[in-house]
Amino acid sequence: MSRRIKRMNPKPRERDERKEARPFKARSAKKAGPRPGAKPGGKPPRFAAEPVERRAPKAELKRSELERPAPEKPVEALLPTKVQTVKVTADENNMRVDRFLEARFPGLSFSHIQRVVRKGELRVDGKRVDSKDRLEEGQSVRIPPLKLDTPKAASPLSEAAQKTLATLKEMTLYEDDDVLVLNKPFGLAVQGGSGTTRHIDQMLEVMRDSKGQKPRLVHRIDKDTSGCLLIAKTRFAASHLTGAFRSRSARKTYWALVPGLPKPKQGRISTFLAKEESEDDTIMRIAQHGDEGASHAVTYYAVVETAGNKLTWVSLKPVTGRTHQLRAHMEHIGHPIVGDPKYFNIENWKLPGGLQNRLHLLARRIVIPHPRGGVIDATAPLPQHMQQSWNLLGLDASRFDPIENAPEE
């Protein structure tokens, strides 16, 4: 049974950024006492007491997935509708009035939406509204007769789209009506950029629902980082999950392979990071408090296992979420991540035989409150190149991860 991450609330103090790495101590079982939900004589549960975990086996293709119709497109024919009153759902909470109508009636023209709102024909809880006003869950919306464009007959996904959907399903670690967790492979970008033609955000186009709503990225990981990537399938889920990241309720664990042996074996790295751009590259540099564009960044690290004194498997827990934070922090303490093309700059260092020169960084695990209650807890396996390195170095991926004892702040 795993051990619970300890919460520590350090007293306010002056920040001394010169002391970047400091050891942290494991929680004392004597002081902690038994936790709710613990078995007699056993260890406390890993996270909050009695969480409602939402785990799912690797998702299989549903028979209907490959026959999902494309988003409906309007034609010129018009159909009248009757007056109707609908309730604002949780997924539509905080949605603008015009966006609400667009989502409910994909064939409705922009000019028609503006006209019915401007004339006061559409009412919210019996009152006139503006098209930019925000709706709240549970409100009653009176919708007048509308003229909808008749949709074209539904058409099946193209062969290319079917392959993309199948690829996404193969990556899936967890999925329900609101949330999708993918195991992003090495080398696949999350979003588009200069010279990037294929990326996760583009691939999600094949998952648009009947209202034309596309799954949304909640956070990002680097192109060469493998592992857990969280996706919101609904507007409701996107709002709650984004808020969880903002409030630091999401717990993320990364695994990496680094040269040498970090000392101390468990520590805290606290620096300021600022973006440094050149014509052909962008990196994060260590900055000083007050520097233009500098943001405070905190990372906890812990040595899990060593392969002699040459290579070390470390577990990393980012408290903040800055660009390239883990890569820049490990380089800062003299142990850059193996295979990092941007931050690995140790002179005369040679990659041991059999190891691939790829970034050895895995977004191993993500634990975050589910928008509708309970906890999402997803774990990604080692990618092929890291599994090969673990095998060659004799590292045991089932070992206890001491980062569990790191503070959450």
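A residue counts as buried when its relative accessible area is under 20%, as exposed when it is over 50%, and as partly exposed in between. Keep that in mind as we tour this predicted model.

**The whole protein**

Let's start with the overall picture. The protein has 409 residues, of which 44% count as buried. Its secondary structure comes to eight helices and 18 strands. Among contacts with a separation of 6 or more, 70% join residues 24 or more positions apart. About 22,200 Å² is exposed by the protein, and carbon and sulfur atoms supply 47% of that area.

**Two residues side by side**

| Residue | Place | Relative accessible area |
|---|---|---|
| Ala274 | strand 13 (residues 266-277) | 0% |
| Arg115 | helix 3 (residues 110-118) | 32% |

Ala274 is buried because its relative accessible area of 0% falls under the 20% cut-off. Leaving aside residues up to four places away in sequence, Ala274 touches Ile283, Met284, Arg285, Ala287, Glu292, Gly293 and Ala294. Gln288 lies 14 residues from Ala274 along the chain, and the C-alpha atoms of the two are separated by 8.8 Å.

Arg115, at 32%, is partly exposed. On the surface, Arg115 gathers with Arg118, Lys119 and Lys147 in a patch of positive charge.

**A look at helix 2**

Which residues of helix 2 are buried? They are Val97, Asp98, Phe100, Leu101 and Ala103, in a helix that covers residues 97-104. The buried residues of helix 2 pack against strand 3 (84-87), strand 6 (140-143) and helix 3. Helix 3 is also the place of Arg115.

Note on methods
Residues numbered from 1 in each chain as written. Predicted model: local features only at pLDDT ≥ 70, side-chain atom pairs only at ≥ 80, totals over all residues. Heavy atoms only, no water. Patch = residues over 30% accessible without salt bridge, like charges linked within 9 Å, V, L, I, M, F, W, Y side chains within 5 Å. Areas by Shrake-Rupley, 256 points an atom, 1.4 Å probe, with all protein chains shown as cover. Salt bridge = Lys/Arg side-chain N within 4 Å of Asp/Glu carboxyl O. Lys, Arg positive; Asp, Glu negative; His and termini not counted. Charge placed at Lys NZ, Arg CZ, Asp CG, Glu CD. Helix = DSSP H or I, 4+ residues; strand = E, 2+ residues; numbered from the N terminus. Buried < 20%, exposed > 50% of the residue type's maximum accessible area, 1.4 Å probe, protein only. Contact = heavy atoms within 4.5 Å.
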